[in-house]
Amino acid sequence: MNFSYYLQLLIGGVSNGAMYAIIAVGWALIFSILKFSNFAHGGTMVCSAYLGLLATRIIGANLWLTLAVAALCGGLINILVELISFHRLRKSSKQVLLFFVSSITMGMLLQNLVTLRFSGLFYSYPNFFKQRFFRIGNISFDISNFMMLAIAAVILGILILVLQKTRFGMAVRALSVDPRTTSLMGVNVDLVVLATFFIAGALAGVAGVFVGIRTILSPQIGSMYTVKGFMVAVIGGLGSLNGALFASLILGLVETAFSVILGTSLAPVGTFFFVLIFLFLRPQGLAGVFAMEKA
Amino acid sequence: MLQIRNLCVNYDHVVALDDVTLSVEKGSAVSIIGSNGAGKSTLLNTISGVVKRRSGEILLNNRPLPTSPHEVVKAGIIQVPEGRRVFPNLTVAENLLMGGWRISASAAKKKMREMYELFPILGQRRSQLAGTLSGGEQQMLAIARGLMAEPQILLLDEPSLGLAPVLVNQVFDIITEIVRSGITVLLVEQNARKAMMISDYTYVLENGRIRKHGKSADLFNDEEIKRAYLGG
Ligand SMILES: Nc1ncnc2c1ncn2[C@@H]1O[C@H](COP(=O)(O)OP(=O)(O)OP(=O)(O)O)[C@@H](O)[C@H]1O
Ligand SMILES: [Mg+2]
């Protein structure tokens with residue numbers, strides 16, 4: 001227990017947070033335009049994680065190709081999610097409960113498809129990095145942590161630029177406050193919604209690869225990260241990108257800290273407890289949007 | 001130019017428009033007056049495609065007008081909605097660019113400069129969030145945003161609503177200016193006197209039906225209209 005140990009822990013926590021950020025930002029993106037959560041997010045994530053795995057096995061894809069495959073698959077799967085479980089409800093119903101049922105069913109379906117194909121067995125990603133560690137002085141760092149952090153930062157940077165500086169991003173921001181007027185301006189709202197689902201799905205795909213690199217894959221990752229994604233979204237204040245980023249960082253650090261204090265098997269208990277206390281103290285989330293308003 | 005025939009619209013069981021027929025000539029200004037709940041906004045929203053009709057047809061230049069909102073804008077009809085509806089989280093400049101969605105990005109940049117000349121106040125506030133503008137400024141922005149689309153027909157839904165008298169006059173001056181520039185205007189107003197003064201033709205809508213119509217100048221002398229809409 002010395003300085004270098006804590007430094008490594010901190011970096012591990014931040015990189016863990018970066019993975020949550022990729023999940024949570026995709027979640028927040030969908031919530032901000034539709035005002036409800038897509039509970040199939042984890043399903044998309046686990047499907048694309050396994051498709052990325054197939055790419056490594058079948059064509060020996062390296063990290064970048066795996067990320068590209070998973071992102072593309074995630075995006076396409078999410079387009080199907082929108083068309084199958086949201087599209088008609090979006091036009092005909094304002095009942096949040098229906099969206100909830102429809103998306104959670106879709107998520108379970110995706111997860112079960114993975115179970116059908118890869119049932120029971122545990123798969124893990126190959127080691128993408130020639131060396132696992134590099135040293136500065138006498139401290140050694142885990143390369144994969146740094147890579148994930150850097151990749152997440154670049155992806156989120158690009159996403160923010162797209163949202164702030166492009167016509168498409170402008171339409172997404174307009175849509176998030178006033179869909180009807182956005183369509184009155186001549187924007188094909190359905191198309192923008194689909195494109196947003198594609199982006200959120202691509203983010204889910206990248207997150208899936210990250211999970212595959214950090215841990216061993218199992219179909220249950222789908223439901224587990226749906227819960228965690230929702231948690232981060234609520235802590236961040238639903239629909240807020242800044243809040244989601246901040247909440248991800250906090251959750252990443254807290255989870256890492258608990259895994260040291262309580263051990264990995266008990267860590268989730270600590271994390272859930274932390275989230276409950278947080279929500280008790282600040283139910284509106286970090287960004288101040290009231291969390292209970294819409295699930 | 002724009003023809004509406006036997007249009008019927010309802011919201012579930014509420015009949016909002018009942019057999020409405022009207023036409024708008026190219027280059028003219030037509031006003032639709034009527035009290036609260038008469039169906040004025042419903043009419044504009046049905047033209048814009050955000051409200052679905054039960055029956056009837058809408059023709060633009062003798063061809064059926066598309067029914068999805070973005071296609072209506074593409075066809076050259078844009079609406080300045082009731083209550084301004086600027087995007088509060090977007091800057092003034094971005095609001096204008098949203099209005100210019102149907103034209104190319106470079107054309108929109110050019111058009112935006114034109115708007116800043118027409119509405120100097122918007123030029124000064126271009127990088128301010130639209131939500132922080134005053135009501136009057138927001139109305140100017142909403143009109144400018146509509147003009148950004150370089151429409152053939154501009155639909156205006158109660159542009160004078162909630163404005164101080166000076167601003168009301170200013171808004172009507174702008175509308176006159178718009179018509180003069182060759183854009184056809186369909187104007188919905190509760191301020192019947194002002195609307196009739198600047199329009200060529202007027203339709204009176206009551207409970208979803210056209211009650212009366214005629215040249216605006218003629219309707220000024222109609223006893224019924226005087227009593228009901230022009231304050232005696
Ligand atoms: N979304 C809706 N759902 C149900 N009924 C509606 C809806 N929108 C309008 N109505 C009803 O349709 C009728 C016409 O409404 P509309 O908004 O077109 O009137 P308006 O003439 O624009 O009134 P105002 O001058 O107050 O704006 C009203 O009776 C109104 O209650
Ligand atoms: Mg109205």
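In the predicted model, helix α1 of chain B lies across β1, β2 and β4 of the same chain. Its direction runs at about 110° to that of β1(B). The strands beneath this helix belong to an open sheet of 4 strands, arranged in the order β2-β1-β4-β5 in chain B. Pairing in this sheet is antiparallel. The edge positions are taken by β2 (14-24) and β5 (63-64) of chain B. Each has a single partner strand, so one side of each is left without a neighbour in the sheet.

Strand β1 of chain B spans residues 2-11 and pairs with β4, residues 55-60 of chain B. The sense is antiparallel, and the pairing extends over 5 bridges. Within chain B, B:C8 stands opposite B:S55 of β4(B). β1(B) also pairs with β2(B), again in the antiparallel sense. That pairing comprises 7 bridges. Here B:I4 faces a partner in β2(B), with B:L22 standing opposite. β1(B) and β2(B) form a hairpin with 2 residues between the strands. In this hairpin, B:D12 takes a positive phi near 45°.

Helix α1 of chain B, residues 40-48, also contributes to the surroundings of ligand 1. It supplies 3 residues, the largest share of the shell. The shell holds 13 residues, of which B:N36, B:G37, B:K40, B:S41 and B:T42 come nearest. By class, the shell residues divide into 3 nonpolar, 7 polar and 3 charged.

Several polar atoms of chain B lie at short listed distances from ligand oxygen atoms. For B:T42, a polar side-chain atom is 2.5 Å from an oxygen atom of ligand 1. For B:K40, a polar side-chain atom lies 2.7 Å from an oxygen atom of ligand 1. B:A38 takes part through its backbone: one of its polar backbone atoms is 3.2 Å from an oxygen atom of the ligand. On its own, ligand 1 has 640 Å² of accessible area, and the protein covers 61% of it.

A further open sheet in chain B is built from 6 strands. Their order is β6-β7-β8-β3-β9-β10, and the pairing is mixed. The edge strands are β6 (77-80) and β10 (209-215) of chain B, each pairing on one side only. From one strand to the next, the twist averages 15°. Helix α6 of chain B, residues 135-147, packs on this sheet. The helix touches β6 and β7 of chain B. Its direction makes about 175° with that of β6(B).

Inside this mixed sheet, β7 (residues 153-157) and β8 (residues 184-189) of chain B pair in the parallel sense. The pairing runs over 5 bridges. B:D157 stands opposite B:V188 of β8(B).

In chain A, A:D142 is placed in strand β2, residues 139-142. Its side chain makes a polar contact with the side chain of A:S144, at 2.9 Å. With neighbours within four places in sequence left aside, A:D142 is in contact with A:R132 and A:F133.

Notes:
Residues numbered from 1 in each chain as written. Chains lettered and ligands numbered in written order. Predicted model: local features only at pLDDT ≥ 70, side-chain atom pairs only at ≥ 80, totals over all residues. Heavy atoms only, no water. Pairing = 2+ DSSP bridges. Axes fitted to C-alpha atoms, helices over the stretch in contact; angles between N-to-C directions. Contact = heavy atoms within 4.5 Å. Near = heavy atom within 4 Å. Polar contact = N/O pair within 3.5 Å; in protein donor to acceptor, adjacent residues only side chain to side chain. Areas by Shrake-Rupley, 256 points an atom, 1.4 Å probe, with all protein chains shown as cover. Nonpolar A, V, L, I, M, F, W, Y, C, P; charged D, E, K, R; others polar.
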